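Thanks for coming. I will take a few minutes on one structure, going from the overall layout down to single residues. Please have a look at it first.

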Amino acid sequence: MKKSIIRTLLLVILLLLAIVLGKVIGNVTAGTPFLSWLGLSASFGLAPATVDLAVMTVTFGLQISLNVAQGILLLVAILLYSHIHIHD
């Protein structure tokens, strides 16, 4: 039980680090001519939809933006996660 919680937490941390570092690398290399391709990004998702009830208003939506550096680091994080073995 404890081992599976630690592995799940490790996966979440690795993925979050990959996303944040990928965004930073993409932004930093955007001005460099031979590394600008790392900052190329694609956005996709659902446009915000609002439901107006008498007592409250609820808005649903999801927008994901992913650049090349984030994609590479996410793959590295997943590969790294699959090679890590946690001992009791």
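Let me start with burial. Of the 88 residues in this protein, 15% are buried. Keep in mind that what you see is a predicted model.

Now the layout. The protein contains two helices and two strands, and from the N terminus on they come in the order α-β-β-α. The radius of gyration is 18 Å, whereas the globule rule gives 12 Å for 88 residues, so the protein is more spread out than a compact globule. Along the principal axes, the C-alpha atoms fill a box of roughly 55 × 50 × 15 Å.

Two more totals. The accessible surface of the protein is about 6,800 Å², and carbon and sulfur atoms hold 75% of that. Among contacts with a separation of 6 or more, 58% are between residues 24 or more positions apart.

On to the helices, beginning with α1, residues 2-28. Does its length fit the count, or what span should we expect for its 27 residues? At 1.5 Å a residue the expected span is 39 Å, and the end C-alpha atoms of α1 are 39 Å apart, which agrees. The buried residues in α1 are L14, A18, G22 and G26. A general point helps here. An α-helix has 3.6 residues a turn, so residues three or four places apart point the same way. As for cover, the buried residues of α1 have β2 and α2 among the elements over them.

At the start of the chain, K2 belongs to helix α1. Is K2 buried or exposed? K2 is exposed, because its relative accessibility is 64% and the cut-off for exposed is over 50%. K2 and S82 lie 80 residues apart in sequence, and their C-alpha atoms are 18 Å apart in space.

The other helix, α2, covers residues 68-83. Its 16 residues should span 22 Å at 1.5 Å a residue, and the end C-alpha atoms are 23 Å apart, which agrees. Which residues of α2 are buried? They are A69, Q70, L74, A77 and Y81. These residues cover an arc of only 130° around the axis, which puts them on the same side of α2. The face turned away from that buried side carries L75, L79 and H83, which are exposed. What covers the buried residues of α2 includes α1 and β2, the latter being residues 57-67.

That brings me to the residue I would like you to look at longest, N67. Where does N67 sit? N67 is in strand β2, and it caps the N-terminal end of α2. The cap comes from a side-chain oxygen of N67 that lies 3.3 Å from the backbone nitrogen of A69. The side chain of N67 also reaches the backbone nitrogen of Q70, at 2.7 Å. Both partners, A69 and Q70, are on the list of buried residues in α2.

N67 itself counts as buried because its relative accessible area is 6%, with the cut-off at under 20%. Leaving out residues up to four places away in sequence, N67 touches G22, K23, G26, L38, G39, L40 and S41. Two of these, G22 and G26, appeared earlier among the buried residues of α1.

To sum up, N67 is a strand residue that caps α2 and touches residues including G22 and G26. I am happy to take questions.

Terms used:
Residues numbered from 1 in each chain as written. Predicted model: local features only at pLDDT ≥ 70, side-chain atom pairs only at ≥ 80, totals over all residues. Heavy atoms only, no water. Helix = DSSP H or I, 4+ residues; strand = E, 2+ residues; numbered from the N terminus. Rg over C-alpha atoms; globule rule 2.2 N^0.38 Å. Buried < 20%, exposed > 50% of the residue type's maximum accessible area, 1.4 Å probe, protein only. Contact = heavy atoms within 4.5 Å. Areas by Shrake-Rupley, 256 points an atom, 1.4 Å probe, with all protein chains shown as cover. Expected span 1.5 Å × (residues − 1). Arc of directions from axis to C-beta. Polar contact = N/O pair within 3.5 Å; in protein donor to acceptor, adjacent residues only side chain to side chain.
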